[in-house]
Amino acid sequence: MTDHVRVYEVGPRDGLQNEKALIPTKDKIALINLLSRAGFEKIEATSFVSPKWVPQLADAAEVMAGIDRRDGTDYSVLTPNLRGFEAALASGANEVAVFASASEAFSQKNINCSITESLQRFAPVMEAAHQAGLRVRGYVSCAVDCPYSGMVDPAAVARVAGALSDMGCYEIVPSDTIGRATPEAVQRMLAVVLADIPAARLACHFHDTGGQALANVAVAVDLGVRTFDSAVGGLGGCPYAPGAKGNLSTTALVTMLEQRGFHTGIDQVLLAKAEALVASLAPQNTTTGPQHDV
Ligand code: HMG
Ligand code: MG
């Protein structure tokens, strides 16, 4: 039996949050609909964050109202606080994500509070999600290094990952926010996180600034991780992480996984159509296909 790897498509959120030009809502909807048809089990569709902080996703409710829902696809959104969660619930999201950081400096820049305060802010979100029967992902940004304070101690990542797990997140997502992680650094970080959280409850989220994202996936696969985030067309970045370039390209990830004998369930013809749409919407930011041999 081939091993299944879940490719968690985050382009409509992590990609489009970073576009300088505002992408029309109808184009976001068309992109998500194409991705649904391509067979993704999980699509991170948008964020219910402050539109003052991320104007690119101010149309979150309209996007969620406009998409065609496919059976077998969960539509997830970011929720930084209870207000975001309530809007997410009203929008029909099937899953939400809270996002903490292993770096104090990044936490302040990204969500304007300390790590401890962020975890306190997530507690009512977890409670409300539990009541509503929605599953919650928990990101740990700056899992290897931070654009403001440099290298991050794996013990700090494990602490935040453990806190999110204890709060009830079903999946913890160590994230290389600025895409500078090396395979060796990922190995060191995951070894510490895995002491407390089994690989089956981890997903990895690699940006690809340094061109090492596929090599980092390979390390995590070997450690048993079976869910990876990526963005169609390699879109992406975080407006509060200077230097953070695109996420790992979904095409590159799917190609590499399938070449290694894993099953992803993604229709690569429809994925290529989604990539072409992205290229027409954000031509300067897209990357395609496998860029590195791993
Ligand atoms: P704040 O300014 O500290 O808090 O923002 P506030 O409560 O004073 O809110 C500011 C304004 O936003 C107020 O409006 C609120 O009502 C409103 P005003 O009174 O000034 O008119 N507001 C909201 N509006 C809509 N939805 C909401 C909401 N909450 C407050 N949910 C806050 C704190 C967390 C809201 C803000 O810092 C924020 O929205 N930050 C989000 C930043 C973000 O989205 N960053 C990118 C995503 S994270 C990422 O990319 C990393 C990841 O990919 C993994 C990785 O790669 O590392 C996940
Ligand atoms: Mg990201």
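Here are some notes on the metal site, the empty spaces and a few helices of this predicted model.

1. **Ground rules.** Residues are numbered from 1 along each chain as its sequence is written, and chains are lettered from A with ligands numbered from 1 in the order in which they are written. As the model is predicted, local features need pLDDT of at least 70 and side-chain atom pairs pLDDT 80 or more, while totals for chains, interfaces and linings use all residues; side-chain values use heavy atoms, with hydrogens and water left out.

2. **The magnesium ion.** Start with ligand 2, a magnesium ion whose protein donors are Asp14 (OD), His205 (NE2) and His207 (NE2), at 2.1 to 2.3 Å. Donors here are N, O and S atoms within 2.8 Å of the metal (3.2 Å for Na, K and Ca), and since water is not among the atoms, sites may look incomplete. Along the sequence the spacing reads D-x190-H-x1-H. Aspartate 14 sits in helix α1 (residues 11-15) and histidine 205 in strand β9 (residues 204-206), so this pair links distant parts of the chain, 191 residues apart. Helices (H or I, at least four residues) and strands (E, at least two) are DSSP runs, numbered from the N terminus.

3. **Are those two donors buried or exposed?** Aspartate 14 counts as buried because its relative accessibility is 2%, and histidine 205 counts as buried at 3%. The cut-offs are under 20% relative accessible area for buried and over 50% for exposed, with partly exposed in between (1.4 Å probe, protein chains only).

4. **The largest pocket.** This one holds about 710 Å³ of space. Of its 35 lining residues, Val49, Ser50, Val54, Pro80 and Phe99 lie nearest the centre. The elements giving two or more residues to the lining are α1, α3 (60-66), α4 (82-91), α5 (104-111) and β5 (135-141). A pocket is an open set of points on a 1 Å grid over the protein atoms alone, with protein on both sides within 12 Å along at least five of seven lines; a cavity is a set where a 1.4 Å probe fits but cannot get out, and lining residues have an atom within 4 Å of a point. Points are joined across faces, edges and corners, and a volume is the space filled by probe spheres set on them.

5. **The cavity.** There is 1 cavity of 30 Å³ or more. The largest cavity has about 30 Å³ of space, and its lining is Arg6, Val7, Gly39, Phe40, Glu41, Thr264 and Ile266.

6. **Helix α4.** Which residues of α4 are buried? They are Gly84, Phe85, Ala88 and Ser91. These buried residues fall within an arc of 125 degrees seen down the axis, so they line one face of the helix; the arc is that of the directions from the helix axis to the C-beta atoms. Arg83 and Ala90 are exposed on the other side. The cover over the buried residues includes α3, β3 (74-78), β4 and α6, where contact means heavy atoms within 4.5 Å. Just after α4, glycine 92 has a positive phi of about 85 degrees.

7. **Helix α5.** Phe106, Ser107, Asn110 and Ile111 are the buried residues of α5. They share one side of α5, because their arc around the axis is only 105 degrees. Among the elements covering them are β4 (95-101), α6 (115-132), β5 and β6 (145-146).

8. **Asparagine 216.** This residue belongs to helix α9 (residues 213-222) and is buried, at 1% relative accessibility. Leaving out residues up to four places away in sequence, asparagine 216 touches Ala181, Thr182, Pro183, Val186 and Phe206.
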